[in-house]
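User: Hi! I'd like to go through this model with you and hear the reasoning behind each label.

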Amino acid sequence: MARAVTTRRKAINTALAWAIGLLIFFPILWTILTSFKTEGQAIADPPIFLFFDWTLENYAIVQERSDYMRYLVNSIIIALGSTALGIVIAVPAAWSMAFVPSKRTKDILMWMLSTKMLPAVGVLYPIYLLFIKMGLLDSRMGLVVVLMLINLPIIVWMLYTYFKEIPGEILEAARMDGATLKEEIIYILTPMAVPGIASTLLLNVILAWNEAFWTLNLTAAKAAPLTAFIASYSSPEGLFYAKLSAASTMAIAPILILGWFSQKQLVRGLTFGAVK
Amino acid sequence: MRAPNQSRAHLWFIAPALVLMFLVLILPILIAGYMSLTNFSLGNDGADFVGLKNYTDIFTKSTYEKMFGATLRYVGVTVPVSVALGLGAALLVNSVTRFSNVYRTIYFLPVMAALIAMAIVWEFALHPQIGIVNTTLERGCGTWLEVWGWLARGCADGFPLWLGDRDYAIWTLCFIGIWQGFGFNMVLYLAGLTGIPRDLYHAAEMDGTKSGWEKFRLVTWPMLGPTTVFVVTISFIRSFQVFDTVEALTRGGPSKSTYVMMYAIFEKAVKQNLMGIGAAITIVFLAFVMVLTLIQRWLVERRVHYV
């Protein structure tokens, strides 16, 4: 008796889950579909769902107008560079907070996180001026540094929560066997923390990839990543929706594909640190 | 017990991160705090000290009243709805055993898609004449759906302009914010749910708790306390900082109905080069966020931990 109820319940829940999923996914799906339509079909009323003349013309036009590969390469360099740099700086900090905690550790962690609440515009000008002085404006190096700093609190925090899960006895045992601090970190800690570091990496690549405020304000032509690519297509050409959709699809496709395949790892990383 | 060289090493380890954060994040706040008391603007040598004038402006002029109104509306709607939907979706996904990974991924997709790219999609969908939203609504005209008064009025007088509509723009932005962000909350809640020991449900059943709602109220919800505090705080911070969609879709308009704080700072400091007032809004903004964080900390320390 009870089983019949739960089965029906399950069916309803499943249907509901799919319906919500479709609703959520629809805007993204629609963008991808529109990118393959002609301009006329893109604004056709009633909207055409699948049976239109699939064309790659929009992509060709977008590619012709702006060199997609250059933006893509910039995005990849900036996202990977800032993440890698962040990890290098954050691992020691997280290590010391997790394994040599002091009274202030919790406070320092809170304080680091609270910097995330800073409105980015509030610090734009000091950084802008500094960038002009140091010749970092419109350079990949400059963006790598800024995005690394923006995301550093999250990296430290996530790594800290991962490191805390590692039993201290293992480290003590290593120390008893005569491992130096450096060896301890390289041979014991890092291998154990690989899953955690991987999730941290992933999340930060996504954050850096999608960051629009800094990338738009600090780049012009040379170092502009995909966010700038998409922004350059927005307002003036308001009505070329098929081309806009093609540009949007090109901008989000790499990160969505990455996210899709690494979803499990990513979600684990997000939640592990957050809820513990 | 610790070797002395190690405790010093730990200082060296943490120092780079701290110093960097201080230089690039804390120092500018101090600068902003100072600038907020002046009428500094870029390229203008020598700023005058104006005392608290910028602050009194913020709390008296009608522009800023609109700014607070828009911010509160956005935060007041986006936070509760995205938290509730996040929890609902998590419970749903948790109850469905098959394909739960697929749902998770799909619900999480908007979080990964750059908001600035998605903004264009929404602009398209919400276009007053050719957007899919209004064309779909029009299809309901002349059918029995017109019993819905709102639709009938729209058929007669035209449907809302959404992003260009003073009465709808801010709610439309809320909707986009919720669409984009609730998947994040869902993921956090899913993690919270897996952390609840099964025994608690068995214990509740033994004590005579039968209905799903009772189990939720007596076990799930209290056990999710820490998660909820975290999710609410994150949602608050994210919605306070809404900027991308405003800049891409409405630029604070129409008639300042979407003039949220982040955008106000951007407009004053960057576009109009009124750094003093921009800095003052920044400080007010930080004060808000700080109060929220303190409340969160207080809650965490007080009563949300059961295990």
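User: Let's start with A:Asp138: where in chain A does it lie?

Analyst: Happy to help, and please keep in mind that this is a predicted model. A:Asp138 sits in the loop between α6 (120-134) and α7 (140-165) of chain A. Its phi is positive, about 55 degrees, although the residue is not a glycine.

User: Why is A:Asp138 called buried or exposed?

Analyst: The cut-off for buried is under 20% relative accessible area. A:Asp138 has 12% relative accessibility, so it counts as buried.

User: What makes A:Lys243 count as buried or exposed, and where is it found?

Analyst: A:Lys243 is in helix α12 (residues 241-261) of chain A. Its relative accessibility is 17%, so with a limit of under 20% it counts as buried. Leaving out residues up to four places away in sequence, A:Lys243 touches A:Glu39, A:Asn58, A:Ile61 and A:Val62. As for distances, A:Lys243 and A:Ile127 are 116 residues apart along the chain, and their C-alpha atoms are separated by 34 Å.

User: How do you know which residues A:Met97 is in contact with?

Analyst: Contact requires heavy atoms within 4.5 Å. Setting aside neighbours within four places in sequence, A:Met97 is in contact with A:Thr105, A:Ile108, A:Leu109, A:Met112, A:Val156, A:Tyr160 and B:Ile14. A:Met97 belongs to helix α4 of chain A. At 2% relative accessibility it falls under the 20% limit and therefore counts as buried. A:Thr31, 66 residues from A:Met97 in sequence, is 45 Å from it in space, C-alpha to C-alpha.

User: How do you know whether the span of helix α4 of chain A agrees with its number of residues?

Analyst: Helix α4 (residues 68-99) has 32 residues, and at 1.5 Å a residue it should span 46 Å. The expected span uses one less than the number of residues. The end C-alpha atoms are 45 Å apart, which agrees.

User: Where in α4(A) is there a kink?

Analyst: The kink lies at A:Ala90, shortly before the proline A:Pro92, and it is about 35 degrees. That angle is taken between axes fitted to the seven residues ending at the bend and the seven starting there.

User: What makes up chain A as a whole, in helices and strands?

Analyst: Chain A has 13 helices and zero strands. Buried residues make up 53% of its 276 residues. Chain A exposes about 12,800 Å², and carbon and sulfur atoms supply 70% of that. Among its contacts with a separation of 6 or more, 75% are between residues 24 or more positions apart.

User: And what makes up chain B, in helices and strands?

Analyst: Chain B has 14 helices and zero strands. Of its 307 residues, 51% are buried. The accessible surface of chain B is about 14,700 Å², with 64% belonging to carbon and sulfur atoms. For contacts with a separation of 6 or more, residues 24 or more positions apart account for 66% in chain B.

User: How do you know how chain B compares with a compact globule of 307 residues?

Analyst: The globule would have a radius of gyration near 19 Å, but chain B has 24 Å. The C-alpha trace of chain B spans about 80 × 70 × 30 Å along its principal axes.

User: Why is the pair B:Lys215 and B:Glu205 called a salt bridge?

Analyst: The rule asks for a side-chain nitrogen of Lys or Arg within 4 Å of a carboxyl oxygen of Asp or Glu. The side chains of B:Lys215 and B:Glu205 meet at 3.0 Å, N to O, which puts the pair inside that limit. B:Lys215 lies in helix α10 (residues 212-223) and B:Glu205 in helix α9 (residues 198-206) of chain B, so the pair ties together parts that are ten residues apart in sequence. By this rule the count over all chains is one salt bridge.

User: What is B:Glu205 called at its relative accessibility, and why?

Analyst: At 42% relative accessibility, B:Glu205 counts as partly exposed, because that label covers values between the 20% limit for buried and the 50% limit for exposed.

User: Last one: why is B:Ser235 called buried or exposed?

Analyst: B:Ser235 has a relative accessible area of 7%, under the 20% limit, so it is buried. B:Ser235 lies in helix α11 (residues 225-240) of chain B. Not counting residues up to four places away in sequence, B:Ser235 touches B:Val79, B:Ser82, B:Val83 and B:Asn185.

Methods: Residues numbered from 1 in each chain as written. Chains lettered and ligands numbered in written order. Heavy atoms only, no water. Helix = DSSP H or I, 4+ residues; strand = E, 2+ residues; numbered from the N terminus. Buried < 20%, exposed > 50% of the residue type's maximum accessible area, 1.4 Å probe, protein only. Areas by Shrake-Rupley, 256 points an atom, 1.4 Å probe, with all protein chains shown as cover. Rg over C-alpha atoms; globule rule 2.2 N^0.38 Å.
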